[in-house]
Amino acid sequence: MDTARRTHSFTESVIRGMTRLAAEHGAINLAQGFPDFPAPDTLKEAAAAAIRADINQYAITWGAKRLRDAVARKYAEWYAMEVNPETELTVTCGATEAMATVLLALVDPGEEVVVFEPFYENYGPDAILCDARPVFVPLLPGQPLDLDRLGAACSSRTRAIVINTPGNPSGRVLTRAELEGIAALCHRHDAWAVTDEIYEHIRYQGEHIPIATLPGMRERTVTISGASKTFSITGWRIGTIVAPAGITGAIRKVHDFLTVGAPAPLQEGLAVAMETLGPEFYRGLAGEYRQRRDVIMEALAGAGFRAVAPEGAYYVLADFSELSELPAPEFARWLTIEGGIATVPGTSFFSRPEDGTRFTRFAFCKTLDLLRDAAGRLTTLQKVRVRS
Ligand SMILES: Cc1ncc(COP(=O)(O)O)c(C=O)c1O
């Protein structure tokens, strides 16, 4: 299949489309996962200082040294994971580029990539860009990973299992036992674990365990993370890849030809923030998100949605079937235009759209004020529905 035909086999991003619809109708945007509150001052001041110091030119393509050192220290301090910043770390334009780059570096045409669903919408298209086949395995909110089903989905064609913990939109934080099960399958099928841990610091229960820290997994794991969610800077476009030195060369080549590098002064700013911000910053982040989660969960229950409280990340996949019989895309449109709240239809997160047709996804990375406003609109939903 040639590239042009490959790219036609997936649709444009529904998430970004819902953001446009929200703007058109003046709806509160709980669709796309970007925060509406300020980033830490330390970070902004350090980036501004870097621009004033004329750090304006290309950084080293695989990442500014100061940032790679800070990221390596993070892995050592948080997870006792030794990372060589010279040979095992690559800085990218966000976790989004990181995932595409890693799969392009690792996966050959015709191979298979296991993706859990509901999924973050980029993973399937990333596999298709490699001319590989995504194979989907359920991992639903509040439910354990079915390791037998995962085992049945793996074969000699499996090149990688894509993991996302804490998960968007499942809200699952994978347990050690689940990760051990995945690790065993990676060993059995000689497959890579490619893990997107961008929500590592946004957790309400459980422990964040990088699968790379499990015995024998460091050499077959690629760990992706980034600054978008932890520092509330989705527009800065900084992501990171930790991979064994043996494949980092290939990853860096793909990254170099795709983007050359992430923005130089912003890398410097992030490095300073990572050096400066202590554990209280990360505790504060999780604590504030817990409050936001509680506000949205209460509002959803009050309005007649059914949903499992997420264990991590900042999304709720809510079942609206007691409110409406519309299919998810129409319900999300209606909720945006008539209810004043933009969400993402559940159909966007499943390989078989019918599996997501009763769900819509709320992102709660917003100020408490905005979430309370949204809660008020949810409370009046029934009335809006009667009028519509
Ligand atoms: C699971 C997951 N990975 C990656 C991203 C994007 O990260 P970045 O902004 O670093 O590209 C998102 C954003 O919503 C996400 O939910």
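The strands β3 (112-117) and β5 (158-164) each supply at least two residues to the lining of the second largest cavity. This is a predicted model, and that cavity is a convenient place to start reading it. The larger share of attention goes to β5, since β5 gives the largest share of the lining, three residues. The second largest cavity has a volume of about 100 Å³. Its lining is made of 14 residues, and Phe116, Pro118, Leu139, Asn164 and Asn168 are the ones nearest its centre. Sorted by class, the lining of the second largest cavity holds ten nonpolar residues, four polar residues and no charged residues.

Two of the residues named there also take part in unusual peptide bonds. Most peptide bonds are trans. The bond from Glu117 to Pro118, however, is cis, with omega near 5 degrees. Pro118 sits in the loop between β3 and α6 (123-129). A cis peptide bond also joins Asn168 and Pro169, where omega is about 5 degrees. Pro169 belongs to the loop between β5 and α8 (176-189).

Asn168 leads on to the ligand. A polar side-chain atom of Asn168 lies 2.7 Å from an oxygen atom of the ligand. For Tyr199, a polar side-chain atom is 2.6 Å from a ligand oxygen atom. Tyr315 also has a side-chain N or O atom at 3.4 Å from an oxygen atom of the ligand. How much of the ligand's accessible area does the protein cover? On its own the ligand has 400 Å² of accessible area, and the protein covers 94% of this. There are 14 residues around the ligand, and those that come nearest are Ala95, Thr96, Asp196, Tyr199 and Ser228.

Thr96 appears again in the second largest pocket. This pocket is lined by 22 residues, and Gly33, Thr96, Tyr120, Lys229 and Arg237 lie nearest its centre. The space in the second largest pocket is about 410 Å³. Which helices each supply at least two residues of its lining? They are α2 (14-25) and α5 (94-106). Of the elements, α5 gives the most to this lining, with three residues. By class, the lining of the second largest pocket contains eight nonpolar, nine polar and five charged residues. The lining also draws on two domains: at least three residues come from domain 1 (3-38 + 280-380), and at least three from domain 2 (41-276).

The remaining enclosed space can be taken next. How many cavities of 30 Å³ or more does a search of the whole structure find? The search finds two. The second largest cavity was described at the start, with its volume of about 100 Å³. The largest cavity holds about 120 Å³ of space. Its lining has 14 residues, of which Lys74, Glu200, Gly226, Phe231 and Met274 are nearest the centre. Two or more residues of this lining come from each of α4 (65-79), β7 (221-226) and α10 (264-276). Among the elements, α4 gives the most, with three residues. The lining of the largest cavity divides by class into seven nonpolar, five polar and two charged residues. The second largest cavity, by contrast, has no charged residues in its lining.

One last local feature concerns the backbone ahead of α4. Most residues other than glycine have a negative phi. Asp54 has a phi near 60 degrees, which is a positive value in a residue other than glycine. Asp54 lies in the loop between α3 (41-52) and α4. The helix α4 at the end of that loop is the one that gives three residues to the lining of the largest cavity.

Definitions and conventions: Residues numbered from 1 in each chain as written. Predicted model: local features only at pLDDT ≥ 70, side-chain atom pairs only at ≥ 80, totals over all residues. Heavy atoms only, no water. 1 Å grid on protein atoms, 1.4 Å probe; cavity = no way out; pocket = protein on both sides within 12 Å on 5 of 7 lines; lining within 4 Å. Points joined across faces, edges and corners; volume = space filled by probe spheres on them. Helix = DSSP H or I, 4+ residues; strand = E, 2+ residues; numbered from the N terminus. Nonpolar A, V, L, I, M, F, W, Y, C, P; charged D, E, K, R; others polar. Domains from an automatic or database assignment. Near = heavy atom within 4 Å. Polar contact = N/O pair within 3.5 Å; in protein donor to acceptor, adjacent residues only side chain to side chain. Areas by Shrake-Rupley, 256 points an atom, 1.4 Å probe, with all protein chains shown as cover.
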